[in-house]
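Welcome to this structure! Have a look at the sequence and the fold first, and then read the short points below beside them.

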Amino acid sequence: FPAQISPTSGGANSGPLIADVVINEIHYNPRPGGDAFVEIKNRSGSPVPLYDSIRPTNTWRLSGIDFTFPTNVVLPVDGLALIVETEPAVFRAKYSVPAGTPVFGPYGGTLQNSGELLELQRLDLRGTTNLAWVTLDAVRYNDRAPWPAAADGAGASLQRINPAAYGNDPINWLAAAPNRG
């Protein structure tokens, strides 16, 4: 269950809490010769460190593709970052990614063409010694309706329509030509 805007014990849910950093684009089944990637976006009005500022070695991760962010990464206001399946420099040159857009990779897993669950997560200290992964944003995409069919090998990527709306809902995604930052 997604985190809610506010506690509503015994009442109707208040609606999902939308994180400052969200999964913004998923290119899971590119055309032959293309490259898969995930794009994240800082939708907030402040820079967001992708690590625990008290424990900087506790960096965020993108579960589903086995990727952990390096230390000291800060996503600027309205900033984007790409997590790619290939070497970042090769990806940047191949797709002319702007110099200001960080490109990370390669990730350890794969973006499944039939769909899977991606979760943007951070470590959270529970008590004095326990750490737990907390999901900030999640998307369980699929290659079947109601997800856009054009993103399944036809060259398009899944793109979030509204970064301020719930991401794990096919109605908030469309298929369009990849942005790549």
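The points below go through the nonpolar cores, the strand pairing and a group of aromatic rings.

1. A word before we start: this is a predicted model. Please keep that in mind while reading the numbers.

2. A good place to begin is the largest nonpolar core, which has 29 residues. Those with the most contacts inside it are Ile 23, Ile 26, Ile 40, Ile 65, Phe 69, Leu 111 and Tyr 141. Two or more residues each come from strand 1 (21–27), strand 2 (37–42), strand 7 (80–84), strand 9 (115–126) and strand 10 (130–142). Strand 1 gives the largest share, three residues.

3. Tyr 141 is worth a closer look. Setting aside neighbours within four places in sequence, Tyr 141 is in contact with Ile 26, Tyr 28, Leu 111, Gln 112, Gly 115, Glu 116, Leu 118, Trp 147 and Leu 158. Another core lies apart from the largest one; it has seven residues, among them Phe 37, Val 84, Val 97 and Val 103.

4. Which strands pair with strand 1? Strand 2 runs antiparallel to strand 1 and is joined to it by six bridges; there, Asn 42 of strand 2 is the bridge partner of Val 21. Strand 11 (residues 157–160) also pairs with strand 1 in the antiparallel sense, over two bridges, and Leu 158 in strand 11 stands opposite Ile 26. Ile 26 and Leu 158 have both been met already, as contacts of Tyr 141. Strand 1 itself is mostly covered, with seven of its seven residues buried.

5. Now to the aromatic rings, where the count comes to seven pairs. How are the rings of Phe 37 and Phe 91 arranged? Their centres are 5.8 Å apart and their planes stand at 70°, which is over the 60 degrees needed, so this pair is edge-to-face. The two residues link distant parts of the chain: Phe 37 is in strand 2 and Phe 91 in helix 1 (residues 88–95), 54 residues apart.

6. Phe 91 has a second ring partner, Tyr 95. With centres 4.7 Å apart and planes at 50°, the pair of Phe 91 and Tyr 95 is tilted. Both residues lie in helix 1, four residues apart, about one turn of the helix. Together, Phe 37, Phe 91 and Tyr 95 form one aromatic cluster.

7. Are these rings buried or exposed? Phe 37 is buried. Phe 91 has 0% relative accessibility, so it counts as buried. Tyr 95 is at 18%, and because the cut-off is under 20%, Tyr 95 counts as buried as well.

Definitions and conventions:
Residues numbered from 1 in each chain as written. Predicted model: local features only at pLDDT ≥ 70, side-chain atom pairs only at ≥ 80, totals over all residues. Heavy atoms only, no water. Core = buried A, V, L, I, M, F, W, Y, C linked by side-chain atoms within 4.5 Å. Buried < 20%, exposed > 50% of the residue type's maximum accessible area, 1.4 Å probe, protein only. Contact = heavy atoms within 4.5 Å. Pairing = 2+ DSSP bridges. Phe/Tyr/Trp six-rings, centres within 6.5 Å; stacked < 30°, edge-to-face > 60°.
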